[in-house]
Each structure stands twice: as C-alpha cells, then as structure tokens.
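Biologist: Here's the model I wanted to go over with you. Pick one spot, walk me through it slowly, and then work outward to the rest of the chain.

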Amino acid sequence: MDRKMVVVADDFTGSNDTGVQFSKAGLTTNVITEPNNLQRDLYNSDVLVVDLESRFDLPKVAFQKCKQLGELLKAENVIVYKKLDSTFRGNIGAEIEGLMAGLGVEKAVLAAALPSNGRVTRNGQVYVHGVPLAETEFAKDPRTPIRSSSIEEILAEQTSLKVKGMSADWFEQQAAQQALEIAAEINGDVNILVFDGQTESDLLAVAESLKDNAGNFLIIGTAGLANHLPHVWGLAEAKRTFVFAGSVSEQTRKQVAYAEAAMELKRFDLSGLEILKNPDQFLDQVERDIKTAWDDGINRFVFATTRSRDEVEQVFCLADELGITRNEAAEKISMWIGKLSAACILKYQPSGIFLTGGDTAIKTVRALGGTGIRIQKEVLPGIPSGFLTGCEVEGRVVTKAGGFGEEEAICQVIEFLEA
C-alpha cells in the first residue's frame with residue numbers, strides 16, 4: 001500500500017469494527033489509543049486507527065482533540081477517514097469541524113449508512129430497521145441522546161459548517177466521479193456533502209467516486225463505507241495461492257481434477273516426459289507461462305505432474321529408453337519440481353503455499369534453503385499448516401501426503417490459505 005490511511009474514531013469498539021474492514025483485506029491494521037508516537041505507529045501500519053475516546057467529551061474538548069490530531073496528520077501525507085457512529089451518538093459535528101480545521105481541508109463527504117446492521121439513510125434521514133432514528137432507543141441514550149433523525153439537524157447542533165444532502169436517486173443518475181465534481185463546483189459554499197445510502201451498492205458507488213479524490217475531501221463514514229474502500233481503491237493485497245501437487249497418487253489426481261472443476265484457478269501440467277527430455281527448455285517455458293498468468297491477475301496456481309496413470313507409465317518407459325532406473329527418473333522429476341517451486345515462491349512470494357507429495361515438499365523446502373516448518377495447526381486430518389524456518393518465505397505453508405484427504409481436500413486447503 002503506497003499511501004497510509006488513518007481512521008479517526010471516538011470510541012474503542014468503533015475503532016475495532018472499522019479497523020477490521022481493512023485487516024480482513026490483508027492490510028496491517030493497528031488501533032492505538034494515544035497518538036504519542038504517530039510516526040512510529042504509521043511506519044508499522046498500512047492502516048492506523050486512532051481512538052481519541054472523545055464521544056463523551058464536551059464538544060469543545062472533542063473539537064480540540066481532533067484539531068490537534070489533524071495538524072499532526074497534515075504533514076504525513078495520509079488519507080484520513082473519520083469514523084462516525086451509525087446512530088450519530090457523540091460529538092460528530094465538533095469532531096468533523098476540528099479535524100477539517102487541523103487538516104486544512106474545506107470539503108468533506110459523509111456516508112453514514114450501515115445496511116448490514118439495518119441502518120440506512122434516505123432523504124437525509126437516518127433509519128434503524130425502518131424506524132426513524134429519533135424514535136428508536138438511541139434517542140433516549142442517557143449520555144448522548146438523539147433529538148432528530150435528520151443528519152443536517154444533528155450536525156447543525158455542533159457545527160456551523162454548511163451541510164447539503166445528495167439523494168441516492170440523484171447520485172445514481174451521475175457518473176460517480178462527475179457527481180463529486182458537480183457538487184464541489186456548484187455548491188462552492190457547502191462544506192459537508194451527505195450521501196444517502198440504502199444498500200451496499202450505494203456505498204460502493206460512493207467509494208468509487210472517492211477513489212481519485214481521497215486527498216481533496218475528509219471522508220466520513222461508518223464501518224459500512226470502510227468495508228468497500230480496500231477493494232475499490234486497490235488497497236487490498238491480493239491473496240495468491242500456489243499448489244504444487246507432485247504426487248502421482250490416484251487420490252492426488254482426483255483432488256486436482258476436483259479443484260479444477262470447482263474453483264477458478266490456473267493449472268500447469270508439469271509433464272514428466274518433458275522434464276526428462278528437455279528440462280531446461282521446459283523450465284523456461286513454464287516460467288514464462290507463470291509470469292503471463294501472474295501479470296493477468298491470476299490468484300490460484302496449481303502445478304500437477306500427471307493427469308492419468310498412462311502418463312506415469314509413459315514416463316517409466318522413457319526412463320528405460322534413457323537407460324536410467326525408474327527411481328532415478330522419479331528423483332530427477334522431483335528435483336526439477338523442487339527447483340521450479342522454490343523459484344516461483346521466491347519470485348512471487350505467494351501468501352499461501354500447498355505442497356502435496358513427500359518428495360515435492362522436501363525438495364521445495366531444501367531448494368528454498370529451509371530447515372523445517374513451524375507447525376501451527378491441523379487444517380484437515382493429517383494435513384498440517386505452519387511457516388517455513390531457515391528461509392525468507394512469509395506465506396503460510398500446508399503439506400499433505402499424496403494419498404491423504406478426500407476429493408475436495410485441495411479446495412478446502414485453498415480456502416483455508418485464503419481466509
């Protein structure tokens with residue numbers, strides 16, 4: 001992730017429910033409650049969530065906390081996301097105004113919907129499971145009571161910033177980018193543009209509209225909008241899984257065939273015949289094909305040695321013709337696969353690695369310079385996962401004996417590695 005993101009929240013649980021939207025996308029996300037070592041914390045994070053614990057402060061105190069943090073963040077070239085409570089509890093207006101003042105920005109975009117929890121906004125009004133906000137239990141909150149369902153009225157109690165609502169119907173008629181440009185140009189005196197949202201599609205449209213404007217606006221929303229940002233903005237790290245199925249067992253062949261039919265993946269056939277006849281040329285060819293698939297954005301790679309028992313017999317016949325034993329032929333093939341596997345892992349650093357077949361596993365580990373594996377858990381009976389030791393490979397590794405597992409085993413392991 002090239003540019004850091006900072007989420008500014010007013011309470012701890014809200015910090016976490018928003019932070020997890022980025023964490024589950026593979027981004028290193030840390031929540032802090034004191035911004036005393038901001039540069040260090042930013043360095044160690046893709047996304048840093050700062051909990052100011054300002055929800056129950058006096059508005060002027062909440063304003064000052066946000067202003068001071070905004071001034072610190074202004075020099076860090078970060079994208080700032082102001083997390084708000086979906087029922088508008090706390091010092092929303094004061095915090096937004098303080099953060100904007102500290103950051104030196106004049107425009108903010110607010111999308112408060114959280115459809116997954118039944119909170120939507122329609123015509124500038126907040127509804128909780130179809131009930132206007134002011135008629136729900138949140139209106140009687142003992143510490144932060146809500147007196148209105150109107151976002152504009154709620155904000156007006158705490159800030160003099162001008163607010164304008166953008167209905168979902170109007171927004172859907174515009175290209176997302178155009179919507180913000182028109183709003184910013186026509187409504188030059190408007191500080192906070194409030195977008196309605198009743199569905200995840202509405203939030204997705206807002207996220208898309210902000211993609212190229214993140215530095216021009218303060219972004220305000222709940223965990224709902226945050227959920228869409230990593231993927232729409234290309235922040236999420238794509239999880240890539242490499243499966244090396246060097247075993248010639250019938251069970252492994254069934255597992256590979258099952259995965260090929262059930263999942264979107266790219267299969268590479270590692271022909272034992274080609275490995276024995278033209279090892280260097282075949283290696284070059286396979287590596288070129290892998291690069292092409294990687295550049296095309298393929299996320300799952302499966303490398304398998306045989307599709308049928310007949311191919312195994314053909315390899316044995318070739319070994320006889322070459323004047324080598326079948327064990328020597330098998331050793332040459334497994335060494336070649338280990339070399340390919342190691343080269344691919346080191347070059348592409350996949351997030352998940354699945355080695356099935358004892359020879360494939362040990363040859364790969366040795367080619368990587370590994371000394372072993374630090375086992376963490378059992379994915380399936382007899383199929384462990386962990387991390388390689390003695391080498392610079394960060395992805396999780398799963399190993400499996402060729403004959404282990406049911407037909408869906410490869411699919412289940414891939415799902416585990418991508419979770």
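Modeller: Let's start with Thr-159, whose side chain is joined to that of Glu-97 by a polar contact of 2.6 Å. Keep in mind that we're looking at a predicted model. Thr-159 is found in the loop that runs between helix H5 (151-156) and strand S9 (163-166). Is this loop residue buried or exposed? Its relative accessibility is 8%, so Thr-159 counts as buried, the cut-off being under 20%. The Thr-159 side chain also has a polar atom 3.0 Å from the backbone nitrogen of Leu-161. So what else does Thr-159 touch, once its neighbours within four places in sequence are left aside? Gly-93 and Glu-97 are the residues in contact with it. Glu-97 thus turns up twice, as a contact of Thr-159 and as its partner in the side-chain polar contact.

That's the close-up; now for the chain around it. There are 16 helices and 18 strands in the chain. Its radius of gyration is 28 Å, well over the 22 Å that the globule rule gives for 419 residues, so the chain is more spread out than a compact globule. Along the principal axes, the C-alpha atoms fill a box of roughly 90 × 45 × 40 Å. Still, 52% of the 419 residues count as buried. Look at the contacts with a separation of 6 or more, and 71% of them come from residues 24 or more positions apart. As for the outside, the accessible surface of the chain comes to about 19200 Å², with 46% of it belonging to carbon and sulfur atoms.

Next, have a look at two helices. In H9 (residues 223-232), 8 of the 10 residues are buried, which makes it mostly covered. Among those buried residues are Leu-225, His-228, Leu-229 and Val-232. What does the covering? The list includes strands S1 (5-9), S4 (79-83), S5 (108-111) and S11 (218-221), along with helices H1 (12-23) and H8 (200-210). At the N-terminal end of H9, Thr-222 acts as the cap, with a side-chain oxygen 3.0 Å from the backbone nitrogen of Gly-224. After H9 comes Gly-234, with a positive phi near 70 degrees. Helix H16 (residues 409-418) is mostly covered too, with 7 of its 10 residues buried. Ile-410, Cys-411, Val-413 and Phe-416 are among the buried residues of H16.

Then there are the aromatics. Searching the whole structure turns up 11 aromatic pairs. One of them is Phe-242 with Phe-244, an edge-to-face pair with 6.1 Å from centre to centre and 65 degrees between the planes. Both Phe-242 and Phe-244 are buried. Phe-282 and Trp-336 give you a stacked pair, because their ring centres are 5.3 Å apart and their planes are at 15 degrees. Phe-282 lies in helix H12 (residues 279-295) and Trp-336 in helix H14 (residues 326-348), so this pair ties together parts that are 54 residues apart in sequence. Phe-282 counts as buried because its relative accessibility is 6%, and Trp-336 does at 8%. There's also an aromatic cluster, made up of Phe-242, Phe-244, Phe-268, Trp-294, Phe-301, Phe-303 and Tyr-348. Phe-268, a member of that cluster, has the charged end of Lys-266 sitting over its ring, 5.6 Å from the centre. Elsewhere, the charged end of Arg-122 sits over the ring of Tyr-127, at 4.2 Å from the ring centre.

One last stop, back in H14, where Ala-342 has its place. At 4% relative accessibility, Ala-342 counts as buried. Which residues does Ala-342 touch beyond its neighbours within four places in sequence? Thr-364, Ala-367 and Leu-368 are in contact with it. For Ala-342 and Ala-367, the C-alpha atoms are 5.8 Å apart in space, while the two residues are 25 apart in sequence.

Conventions: Residues numbered from 1 in each chain as written. Predicted model: local features only at pLDDT ≥ 70, side-chain atom pairs only at ≥ 80, totals over all residues. Heavy atoms only, no water. Buried < 20%, exposed > 50% of the residue type's maximum accessible area, 1.4 Å probe, protein only. Helix = DSSP H or I, 4+ residues; strand = E, 2+ residues; numbered from the N terminus. Contact = heavy atoms within 4.5 Å. Polar contact = N/O pair within 3.5 Å; in protein donor to acceptor, adjacent residues only side chain to side chain. Phe/Tyr/Trp six-rings, centres within 6.5 Å; stacked < 30°, edge-to-face > 60°. Lys NZ or Arg CZ within 6 Å of the ring centre and 35° of its normal. Rg over C-alpha atoms; globule rule 2.2 N^0.38 Å. Areas by Shrake-Rupley, 256 points an atom, 1.4 Å probe, with all protein chains shown as cover.
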